[in-house]
Amino acid sequence: MSAAEEVVAEGHQAVEAVPKRAMTLGTGTSLLVLAVLLVVPVFVKNFIIFQMTMLLIYGLAVLALNILTGGSGQFSLGQSAFYAVGAYTSAVLMEYFNVNYALTIPVSAAVCFGFGYLFGKPALRLSGVYLALATFALATAMPQLLKLNFLEHWTGGVQGLVVTKPDAPFGLPMSQDMWLYYFTLIVTVAIYVFSVNLLRSRSGRAFMAIRDNEIAASSMGVNVALYKTLAFGVSAGITGVAGSLGAIAVQFVAPDSYTITLAISLFLGMVVGGVGWLPGSFVGAAFIIFVPNMAESISKGLSGAVFGVLLFLVIYLVPHGARQIAILGQQFAGKLRRN
Amino acid sequence: MPAVTGKIAAASLALALFAATTSTASAQKKYDTGATDTEIKIGNIMPYSGPASAYGVIGRTEAAYFKKVNDEGGINGRKINFVSYDDAYSPPKTVEQARKLVESDEVLLIFNSLGTPPNSAIQKYMNSKKVPQLFVATGATKWNDPQNFPWTMGWQPNYQSETQIYAKYIMKAMPNAKIGVLYQNDDYGKDYLKGLKDGLGAKAASMIVLEESYETSEPTIDNHIVKLKATGADVFINITTPKFAAQAIKKISEIGWKPTHFLNNVSASVGSVIKPAGFENSQDIISAAYLKDVSDPQWKDDAGMKAFLEFMTKYFPEGDKLDGGTIVGYGVAQTLVEVLKKCGDDLTRANVMKQAASLKDFRTEVLLPGIKINTGPNDFAPISSLQLMKFKGEKWDLFGDVISADAGG
C-alpha cells in the first residue's frame with residue numbers, strides 16, 4: 001500500500017496523518033535545491049530575480065499555513081490578516097520610525113506571534129469548518145480595519161504606504177533586487193530549518209498527536225490548549241515575516257493587497273504543494289504565482305476559467321499535490337536502483 | 001551688470017540648446033527601448049479578473065482601437081504593439097506585471113493602468129526607472145505632481161475638482177443650503193468628499209449636516225437615505241457607484257424627499273443609472289460631465305459619436321457601447337495616439353513625456369463641446385474642466401459655462 005492509498009483508505013479524517021519523516025526532503029536533495037537557488041540569480045534578469053523573491057515569500061506564508069494545518073490539524077482561511085499585520089508593521093516602522101528593514105522583521109514576527117496566539121485562544125473552542133469560518137471572518141475584516149479613520153494616520157488608509165527599497169549593504173556590487181533576494185533566501189532558509197526542527201521536536205510531536213487524535217493526545221499528557229494556540233502563534237509569526245518581506249519587495253502596502261483572495265491563494269498553495277509536506281510549500285507558491293500568468297496567456301477574457309480548469313486537473317490527477325509526485329519519483333528512483 | 005549678463009548668457013544658452021534639440025530631432029531618428037522603425041511597444045495593466053473586472057472593458061477597447069490605428073497604417077509608419085496584462089486589482093500583482101512589462105517585454109511606456117492602489121504601487125518604480133506611466137485610469141488627485149513624479153500623468157478630471165465645482169455652484173445658488181452627503185467608504189468616496197469640503201471652505205462645517213458612508217458589500221443603501229432625509233437636508237450630494245446611485249434615486253422619490261440632488265459623474269450614465277431608476281424619479285438631478293453619453297439621444301447625429309459607434313461596430317462588436325468604459329477607453333487611446341504622432345521620429349521616453357506635457361487645446365471628439373485637453377510642464381492634469389448638467393425629460397441638459405477647477409496634488 002502506497003502512502004497515497006493509505007490516506008484514501010482513512011478518508012474520514014479532515015487532515016491526513018503525515019508521518020514526520022515524510023514531511024521534509026533528504027539532506028542531499030535539500031542541499032541541491034539550495035545550491036540552485038544560490039546560483040540562478042547570477043544568470044537571470046532582475047525581473048526573474050524579483051519573481052523568485054516573491055516565490056520565496058509566498059513559499060514562507062504557505063509553509064506557515066502548512067505547519068498549522070499539516071502539523072497541528074487546524075484550518076485557517078485568515079492567513080492574509082497575519083500577512084497584512086506583518087507587512088504594515090514593517091512599513092510603518094520603516095517609514096515613520098526609520099528603523100532598518102532587517103530589524104523590522106523580528107518585530108513583525110513577535111507582533112504577529114502575539115496576534116496569532118491571542119486569536120488562537122478563542123479559536124480553541126472551534127474546530128474544522130467552524131474554525132475555518134472564524135479565520136475567514138478575520139481575513140475579510142482586516143482590509144477594512146486598515147482603512148479605519150483613527151488608524152489612517154499610520155496606515156495611510158486606502159492610499160496605502162510606499163516603502164523604500166533597501167540597497168545592498170557594505171557597498172556590495174549587486175542590484176537592490178539581487179540583494180533583497182539573497183536576504184530573503186537567508187531568512188527563508190533559517191525559518192525552514194527552524195520549522196523542520198520544530199516539527200521533529202517534542203512540540204512538533206505534540207502538534208501531530210493533536211492532529212491525529214485530540215483525546216489520545218490529551219490522555220498522554222499533551223496540553224492541548226497550549227499547543228493548539230502555540231501552533232497558531234508560530235504560524236502567524238512566520239506569516240508575518242513573509243508579510244514584512246513582501247512589503248519590502250513590493251515597496252508598497254495597501255488594504256487591497258491583503259484581501260481574502262490572498263488567504264485563499266495561500267490555502268490553495270498548501271493543497272497543491274501537499275498538505276503536511278514542507279518543501280511542497282514552495283511548489284505551491286510557484287503554482288499561485290505562475291499559473292495565473294499562464295492562464296492569462298492562454299485566454300485573457302477567460303483567465304479565471306482557465307485557472308479553474310488547471311486547478312481542477314491538478315486536484316484530479318494528483319490529489320495529494322506535489323508530495324505525491326515526489327513520492328512517485330522516489331519509488332521510480334528506487335526501482336531503477338534495484339534493477 | 002553681472003545680473004543682466006547672467007540673464008543674457010542663460011537666454012542664449014537656452015536658445016542654443018533649443019536649436020540643438022530641434023535640429024537633432026528633425027535630422028535623425030531617436031529611440032528608447034520599446035520603439036523601432038516599425039513598432040512602438042505599449043504596456044498596459046488592467047483588472048481583467050477580480051473585484052474590479054468590470055473595468056477590464058477599457059483595456060479591451062484600447063486594444064481594439066490600436067488595431068484600428070494599425071489597420072490604417074499605424075503612427076508615422078510604426079505599428080502599435082499593445083501588451084496588456086491582468087493584475088486582478090491587487091497591488092503586488094501590479095508591481096509584478098509592471099516589472100514584467102518594463103524589464104522583460106521592454107515596452108516604451110505603460111499606458112492607462114487602472115486603479116488608485118495599483119498605480120500607487122508602481123509609481124515610485126516607474127519614476128526611478130524613468131519609464132512613462134502615462135494617462136493613468138484613476139481620478140485621484142495625486143497624479144498631478146510633476147515636481148516629485150515627472151514620469152506619471154493622469155487623464156480624467158480628478159474627483160476633487162468635480163465636487164469643488166458643485167461646491168462653487170451651491171455657494172452661489174443656495175448659500176444657506178443644508179447638505180447631506182452619501183459617499184462610498186473608500187479612496188474614491190473620500191476624495192470626492194474632500195473636494196466638496198475644500199470647495200465649501202470655512203462654511204463646510206456649518207453647511208454639511210450629515211456625512212453618511214456605505215460599504216460596497218451592503219446589499220442596499222435604503223437605510224442611509226432614510227437617515228439623510230431625517231436630518232432635514234435640502235441638498236443631497238450623491239457620491240455612489242452606478243448600482244447604488246440607481247437605488248438612491250428610486251428611494252428618494254419613494255419616501256417623498258425633495259432635495260436638490262447632485263449626482264457624481266461616475267454614475268451619470270443614462271443607460272446604466274437613470275433609466276433603471278426611472279426617468280420620472282430623475283428629473284432635475286444635477287451632475288457634471290466631460291464625455292458625451294452614448295445613451296443620450298442628443299448626440300445621435302454628432303460626428304464624434306458617429307465615429308465612435310462606427311469603430312465599435314467594426315472593431316469591437318462584442319463590446320457594450322453603453323458601458324461607460326468603452327467611450328473612456330476610446331478617448332484616452334486617441335489622446336495617446338496624438339502624443340505619439342507628435343513625437344515624430346524621436347521616440348525616447350523623455351520626448352514622450354515632453355509631448356504629453358505640451359498638449360494644447362487637443363480634443364477627442366467624444367469630449368463634450370468646449371472641453372479641451374491642455375497640459376504643460378507644471379500641469380499634468382489633461383482634462384481639468386467639467387460642465388454642469390441637469391436631467392430633463394430623457395436626457396441631460398448642459399447648462400452654464402465649462403468650469404475648470406484644478407485641485408493641486
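Hi everyone, here is a short walk through a predicted model with a chain A and a chain B.

Let me start with confidence. The model scores ipTM 0.78 and pTM 0.80. Chain B averages a pLDDT of 87, with 92% of its residues at 70 or above. Where in chain B is confidence lowest, and where is it highest? The low end is helix H1 of chain B, residues 2–27, with a mean of 49, and the high end is strand E5 of chain B, residues 133–134, at 96. Two stretches of chain B stay under 50. For residues 1–5 of chain B, the model has zero contacts beyond four places in sequence. For residues 16–27 of chain B, there are two such contacts. Please keep that in mind when you look at the start of chain B.

Now, the layout of chain B. The domain assignment gives domain 1 as 39–157 + 300–378, and domain 2 as 159–289 + 388–404. Their C-alpha centres are 29 Å apart. Where the two domains of chain B touch, domain 1 supplies ten residues and domain 2 supplies twelve. The domain 1 side of that contact has five nonpolar and five polar residues, and no charged ones.

One strand I'd like you to find is E10 of chain B, residues 286–289. Both of its faces are covered: Ile286(B) and Ala288(B) are buried on one side, and Ser287(B) and Ala289(B) are buried on the other. If you wonder why neighbours point opposite ways, side chains in a regular strand alternate between the two faces of the sheet. E10(B) pairs antiparallel with strand E12 of chain B, residues 385–392, through four bridges. In that pairing, Ala289(B) sits opposite Gln387(B).

Over to chain A. Its unreviewed UniProt entry annotates several stretches as "transmembrane region", among them 127–146 and 230–254. In the model, residues 127–146 of chain A are 95% helix and 0% strand, with end C-alpha atoms 28 Å apart. Residues 230–254 of chain A are 84% helix and 8% strand, and there the end C-alpha atoms lie 29 Å apart.

Finally, how do the chains meet? Each of chain A and chain B puts 22 residues into the contact. On the chain B side, the elements giving two or more residues are strand E3 (79–86), helix H3 (91–104) and helix H4 (116–129). Which of these gives the most? That is H3(B), with eight residues. By class, the chain B side has nine nonpolar, five polar and eight charged residues.

Thanks for listening!

How values were computed: Residues numbered from 1 in each chain as written. Chains lettered and ligands numbered in written order. Predicted model: local features only at pLDDT ≥ 70, side-chain atom pairs only at ≥ 80, totals over all residues. Buried ≥ 20, exposed ≤ 12 C-beta atoms within 10 Å, placed from the backbone. Pairing = 2+ DSSP bridges. Domains from an automatic or database assignment. Contact = placed C-beta atoms within 7 Å. Nonpolar A, V, L, I, M, F, W, Y, C, P; charged D, E, K, R; others polar. pLDDT = per-residue confidence, 0-100. UniProt positions renumbered as here; feature names shortened; annotations may be inferred.
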